[in-house]
Amino acid sequence: MRCGTVAELGHELRRPEADLLRDKIYELRIGLMGMNYRLLYFFHGEAIAVLAHGIVKESAVPPREIDRAIERKKRFEKAPLAHTYKET
C-alpha cells in the first residue's frame, strides 16, 4: 500500500491511515508522542471538512462520535461558507 496524505490521495487513502466509517464520514488515524488519535472528516467538493478531532483511539470510533459528525456534516452542507476558514 502506498502511504500518503489526505490531500494527495483523497478518497483513495485507506487503512491503516484512513477509513470510511459510514454516511461519507471518514477517519484519519494519527500517532503523536506515543498516543493514537482520530480525526473525523468528509469531502465537500475539493475541500476536506474536519468534523471532530482529538478522539483518543479505542478499538473503534464510538457510535455517538460518528452521529455527532453526521449532524455537523449536515449543518456544514446547509451553509458551507459560514463554516469555512480562509486565510487572508
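Start by selecting Arg-22: at 31% relative accessibility, this residue counts as partly exposed. Here buried means under 20% relative accessible area, exposed over 50%, and partly exposed in between (1.4 Å probe, protein chains only). The model is predicted, so local features need pLDDT of at least 70 and side-chain atom pairs count only at pLDDT 80 or more, while totals for chains, interfaces and linings use all residues. Residues are numbered from 1 along each chain as its sequence is written, and side-chain values use heavy atoms, with hydrogens and water left out.

**Stop 1: Arg-22 and Asp-67**

Keep Arg-22 selected and add Asp-67. Their side chains meet in a salt bridge, with 2.7 Å from N to O. The pair links distant parts of the chain, with Arg-22 in strand β1 (residues 18-22) and Asp-67 in helix α2 (residues 63-78), 45 residues apart. A salt bridge is a side-chain nitrogen of Lys or Arg within 4 Å of a carboxyl oxygen of Asp or Glu. Helices (H or I, at least four residues) and strands (E, at least two) are DSSP runs, numbered from the N terminus. Asp-67 counts as partly exposed because its relative accessibility is 39%. Seven salt bridges are present in the structure.

**Stop 2: the turn between β1 and β2**

Now select Asp-23 and Lys-24. Asp-23 lies in the loop between β1 and β2, and Lys-24 lies in that loop between β1 and β2 too. Which sign does the phi of Asp-23 have? It is a positive value, near 50°, in a residue other than glycine. Lys-24 is not a glycine either, yet has a positive phi of about 65°. Most residues other than glycine have a negative phi. Asp-23 counts as partly exposed because its relative accessibility is 47%, whereas Lys-24, at 61%, counts as exposed.

Show the strands on each side. β1 and β2 form a hairpin with two residues between them. The two strands run antiparallel and are joined by four bridges; strands pair if DSSP finds at least two bridges between them. To see one facing position, select Leu-20, which stands opposite Tyr-26 in β2.

**Stop 3: Glu-27 and its two partners**

Move along to Glu-27. Glu-27 forms a salt bridge with Arg-38, the closest N and O atoms being 2.4 Å apart. This pair links distant parts of the chain: Glu-27 is in strand β2 (residues 25-32) and Arg-38 in strand β3 (residues 35-44), eleven residues apart. Are these residues buried or exposed? Glu-27 is buried because its relative accessible area is 1%, and Arg-38 is buried with 4%. Next add Arg-29, which forms a salt bridge with Glu-27 at 2.8 Å between the closest N and O atoms. Arg-29 and Glu-27 are both buried.

**Stop 4: the turn between β2 and β3**

Show β2 and β3 together. They run antiparallel, joined by seven bridges, and form a hairpin with two residues between them. Met-33 in this turn has a positive phi of about 50°. Select Gly-31 to find Asn-36 of β3 opposite.

Switch on the surface here. Ile-30, Leu-32 and Met-33 make a nonpolar surface patch of about 350 Å². Patches are made of residues with over 30% relative accessible area and no salt bridge, where like charges are joined within 9 Å and nonpolar side chains (Val, Leu, Ile, Met, Phe, Trp, Tyr) within 5 Å. Accessible areas come from the Shrake-Rupley method with a 1.4 Å probe; for residues, only the protein chains shown count as cover. Ile-30 lies in strand β2 and is partly exposed, with a relative accessible area of 36%.

**Stop 5: the aromatic rings**

How many aromatic pairs does a search of the whole structure find? It finds four. Select Tyr-26 and Tyr-41: the ring centres are 5.5 Å apart and the planes are at 20°, so the pair is stacked. Rings of Phe, Tyr and Trp (its six-membered ring) pair if their centres lie within 6.5 Å; planes under 30 degrees apart count as stacked, over 60 as edge-to-face and the rest as tilted. Tyr-26 and Tyr-41 are buried. Add Phe-43 to see the cluster that ring pairs make of Tyr-26, Tyr-41 and Phe-43.

Finish with Phe-42 and Phe-76, both of them buried. Phe-42 lies in strand β3 and Phe-76 in helix α2, so the pair ties together parts that are 34 residues apart in sequence.
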